[in-house]
Amino acid sequence: CSKIEIVQVKLKMSKMKTIHSFFKRKERIYDEQNSASDSLSNVQNIIEQPVTQFVEQDIQPPASKIARTEIDQVNIDTLMRDPGKRPQIWNYPINQQDEIRRAYIKFGPYQFIMDEYPLSGLESHPRRFKAHWFKSFSWLEYSPEVDAAFCLPCYLFSRKSSPFTSGGFRNWKKVNNGKDCAFLSHVGKSLNSPHNIAVKSCKDLLNQLCHIDKVLAKQSSQQVLSNRLRLKASIDTVKWLTFQACAFRGHDESHESQNRGNFLEMLKLLASYNKEVDAVVLDNAPQNAIYTSPSIQKEILHVFARKVQNEIRNEIGNAKFCLI
């Protein structure tokens, strides 16, 4: 071979991939993964750095982002009746708020009666709370502690803060103001006013029997009882036919047949003696849970067979026996 051919062969062999190149490829990937993990750790350090600075400088978050402090579990019998002393409803534990609302609704508005309420307002024209306002506004409450009026439904359900829910209303001059009465303005003319919505929420909370969850729970429990009674009727029928060594099914089990077989005829006989059974079996049963199909009959029969076998097995134990 000439020198030129030898050089060409060497160039071709140098261009061919070897197994070492594949190993170098994997090492490169491993290096890339290490560099990626290092970059992620660097990013995490960068993210954590402002947090540590925030803690070290003891910077307080905005007031709007501060979580409301909740009160520990409270005893319903020790609830504060005076609206000027009681905490706001949202400060109670969330899982106990409805129970507390029911208790306050059961207590009713705190309408503290006094022979003479304290004077308040301008020194030249002081005014005071009037007891007869309770008769005109059934939701009205009075706190002798702060000498102010409150609204019980709005305290329990209103999401908007107002003098009638926190702080109390004590501008008695605006009460005897005709159409511009402060109490009437608080109630509002619309049925969708915050006060009327709160009153409706009180009624809905007391009327729990109409709640959708209660209705569904009642229907579910009734359905369970009906299914159990329907299945019990089928089990008793199978038990009787098995002990009497009778055939279960007939030649024609259609609705037009005069003899639909021993199983269905016995089930019909049981229903004729009991209205509760009649209300849940055969034609009165839901189509997806009749419990009269041949597969259901066989399954019930196999359950009986397994129970009989277990009883025989327990009775024999380790004793010797023979089959005749």
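Reader: Is E265 buried, partly exposed or exposed?

Author: Happy to start there, and please keep in mind that this is a predicted model. Residues count as buried under 20% relative accessible area and as exposed over 50%. E265 has a relative accessible area of 24%, so E265 is partly exposed.

Reader: Which residue forms a salt bridge with E265?

Author: Both partners lie in helix 9 (residues 262-272), three residues apart, about one turn of the helix. The partner is itself partly exposed, with a relative accessible area of 39%. The closest N and O atoms are 3.9 Å apart, where the cut-off for a salt bridge is 4 Å. The residue you are after is K268.

Reader: What is the N to O distance in the salt bridge of K200 and D204?

Author: K200 and D204 are four residues apart in helix 7, so about one helical turn separates them. K200 counts as exposed at 51% relative accessibility, while D204 is partly exposed at 36%. Their side chains meet with an N to O distance of 3.1 Å.

Reader: Which residue forms a salt bridge with D236?

Author: Look along helix 8 (residues 212-243), where the two partners sit four residues apart, about one turn of the helix. D236 is partly exposed, with a relative accessible area of 30%, and its partner counts as partly exposed at 48%. The closest N and O atoms are 3.1 Å apart, and the partner is K232.

Reader: How many salt bridges does a search of the whole structure find?

Author: The pairs we have discussed include K200 with D204 and E265 with K268. Searching the whole structure gives a total of seven.

Reader: Let's turn to the rings. Are the rings of Y117 and F129 stacked, tilted or edge-to-face?

Author: A pair of aromatic rings is described by the distance of the centres and the angle of the planes. For Y117 and F129 the centres are 5.1 Å apart and the planes stand at 70°. Planes over 60 degrees apart define the class, so this pair is edge-to-face.

Reader: Where does Y142 lie, the residue that pairs with Y117?

Author: Y117 and Y142 form an edge-to-face pair, with 4.9 Å centre to centre and 80° between the planes. Y117 belongs to the loop between helix 3 and helix 4, and its partner is 25 residues apart from it. Y117 counts as buried at 4% relative accessibility, and Y142 counts as buried at 0%. Y142 lies in strand 1.

Reader: Which element gives the most residues to the largest nonpolar core?

Author: This core has 20 residues, and F129, W139, L140 and F183 touch the most other members. Two or more residues each come from helix 4 (133-136), strand 1 (140-143), strand 2 (148-151) and helix 6 (182-187). With three residues, the element that gives the most is helix 6.

Reader: Which residue with a positive phi follows helix 3?

Author: Helix 3 (residues 97-107) has several buried residues, among them I100, Y104 and I105. What covers its buried residues includes helix 5 (152-157) and helix 7 (194-206). After the helix comes a residue with phi near 90°, and that residue is G108.

Reader: What is the accessible area of the nonpolar patch that includes I316?

Author: I316 is found in helix 11 (residues 294-316) and counts as partly exposed, at 31% relative accessibility. V308, I312, F321 and L323 join I316 in this surface patch. Together they have an accessible area of about 530 Å².

Conventions. Residues numbered from 1 in each chain as written. Heavy atoms only, no water. Patch = residues over 30% accessible without salt bridge, like charges linked within 9 Å, V, L, I, M, F, W, Y side chains within 5 Å. Areas by Shrake-Rupley, 256 points an atom, 1.4 Å probe, with all protein chains shown as cover. Buried < 20%, exposed > 50% of the residue type's maximum accessible area, 1.4 Å probe, protein only. Contact = heavy atoms within 4.5 Å. Core = buried A, V, L, I, M, F, W, Y, C linked by side-chain atoms within 4.5 Å. Phe/Tyr/Trp six-rings, centres within 6.5 Å; stacked < 30°, edge-to-face > 60°.
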